[in-house]
Amino acid sequence: FLHNIAVIGAGMAGLTAARALQQAGKSVQVFDKGRRPGGRMSTRANAYGLFDLGAQYFSVRDSEFARFIETFEQRGVVTRWPGVMAHIDSGRWQTRQPEHPRYSGTPSMVTLTEAMAAPLEVHSQVRITSLSHESSQWVLRDQEERVWPGFDHVIVAIPAPQARELLGSETALRWALPEMSSCWSTWVRFNTPLSMPAGVDTWDGVSFDDSPVLRWAARNQTRPGRSEGERLTLLARDDWSDRYLERDPVEIADDMVSAFRACYPEALPAVEAQGAHRWRYAQPRAPIEKGPGYRLDEEMNLSLCGDWCIDGRVEAAWQSGHRLAQALCHL
Ligand code: FAD
């Protein structure tokens, strides 16, 4: 009988599993090495405004996820967002309608994960460094050698390469944990609004196919509930990010803003401030095999969930955590 459950990782997957298990009457504790819950849905708040550094928005395709999101929409935590997405075809900017409804946290992505974490016991700034099975219960240890004993089951809800490090190579091999690519994310604040490219009234996000550096840019101020001021998040291509993973973030931000200048058809305003953030594990590298959407060892009372079990998207992280919690409730 599972009663005391530890969840390592307070991103979308871990929080989803933790909430469902707590609602089913389990006693759940969540551990995260970050200062705030959210993981790759985190937001940088500084003197220049709010900048989403990871996920910029999310699409909703699954009807169960839609119902879950609706409850947060009613509370004003997320807002449906008809963002204008652009791409560049033979040098011409074009916009397209989204296939699926899109949502954004209001005012930032981390608003959603913080609301999800509110009813939970979350231990922030606690990096779990080892797990051991002692007298048929799990014992967790953290970076300060603190001991967290007494768990019937442990859910590891962290990126696959970090799970491999935590669990050891033997366990990881058995579960065939995938590799993940990195991503440099640069935030930049301009002193006046951008001029729009010819043929485009406005844009909120743009993908770049031809840039050797950038794959995507998004305007932060155009999402619901945000203050004025031209603020971009630029995301680098994964091959470029992998190559320059250990470079100085100041140089990375310079290079990424220069790359945007080279891609943008209009003259850019002056930069007021900029900075770069490194996601060491951003997206699963390989296409993911079909499966239940989580990993579970009933004998060991150990399980894993995360976007990497399904697809590198917020919705997939939710599905992974949700499906795992359902499976654990039936044990
Ligand atoms: P994570 O969010 O990575 O959560 C894992 C958590 O585990 C983290 O909070 C971390 O601090 C914690 N952790 C790790 N190791 C330990 C440890 N040892 N002890 C304690 N805590 C630990 N998705 C979309 O749908 N739309 C987008 O536009 C989009 N854009 C993206 C842009 C970028 C740059 C990136 C990086 C991702 C983007 N994604 C997007 C993907 C989306 O962010 C992820 O799919 C989703 O947030 C993953 O959630 P998760 O819970 O699986 O993992």
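## A three-stranded sheet

In this predicted model, three strands form an open sheet in the order β11-β12-β13, and their pairing is antiparallel. Strands β11 (128-134) and β13 (147-151) stand at the edges with a single partner strand each, so one side of each is left without a neighbour in the sheet. From one strand to the next, the twist averages 20 degrees.

The pairing of β11 with β12 (residues 137-142) can be followed in detail, since these two strands run antiparallel and are joined by 6 bridges. Within this pairing, Ser132 stands opposite Val139 in β12. As a general point to keep in mind when looking at such a sheet, the side chains of a regular strand alternate between the two faces of the sheet.

## A hairpin

Another antiparallel pairing is made by strand β3 (residues 43-46) and strand β4 (residues 49-52), which are held together over 4 bridges. The connection from β3 to β4 is a hairpin that passes through 2 residues. One of the positions to look for is Ala45, whose bridge partner in β4 is Leu50.

## Two crossing helices

Two packed helices are described by the angle between their axes and the distance between the axes. For helix α2 (residues 63-74) and helix α8 (residues 314-329), the axes come within 10 Å and cross at roughly 100 degrees. Because angles of 65 to 115 degrees count as roughly perpendicular, α2 is roughly perpendicular to α8.

The residues that meet at this crossing are Glu64, Phe65 and Phe68 in α2, and Val314, Glu315, Trp318, His322 and Gln326 in α8. Sorted by class, the contact of α2 with α8 has 4 nonpolar, 2 polar and 2 charged residues.

## Two domains and their contact

The domain assignment of the protein gives domain 1 (1-35 + 124-177 + 290-331) and domain 2 (49-109 + 180-285), so that each domain is built from separate stretches of the chain. The C-alpha centres of domain 1 and domain 2 lie 30 Å apart, and the contact takes 16 residues from domain 1 and 15 residues from domain 2.

Between domain 1 and domain 2, about 1,300 Å² of area is buried, and carbon and sulfur atoms give 65% of this area. Which three residues supply more than any other three of the area that domain 1 buries against domain 2? They are Val314, Glu315 and Trp318, which supply 39% of that area. Val314, Glu315 and Trp318 are also among the residues of α8 that meet α2.

Conventions:
Residues numbered from 1 in each chain as written. Predicted model: local features only at pLDDT ≥ 70, side-chain atom pairs only at ≥ 80, totals over all residues. Heavy atoms only, no water. Pairing = 2+ DSSP bridges. Axes fitted to C-alpha atoms, helices over the stretch in contact; angles between N-to-C directions. Parallel < 35°, antiparallel > 145°, perpendicular 65-115°, else oblique. Contact = heavy atoms within 4.5 Å. Nonpolar A, V, L, I, M, F, W, Y, C, P; charged D, E, K, R; others polar. Buried area = accessible area lost by both parts, 1.4 Å probe.
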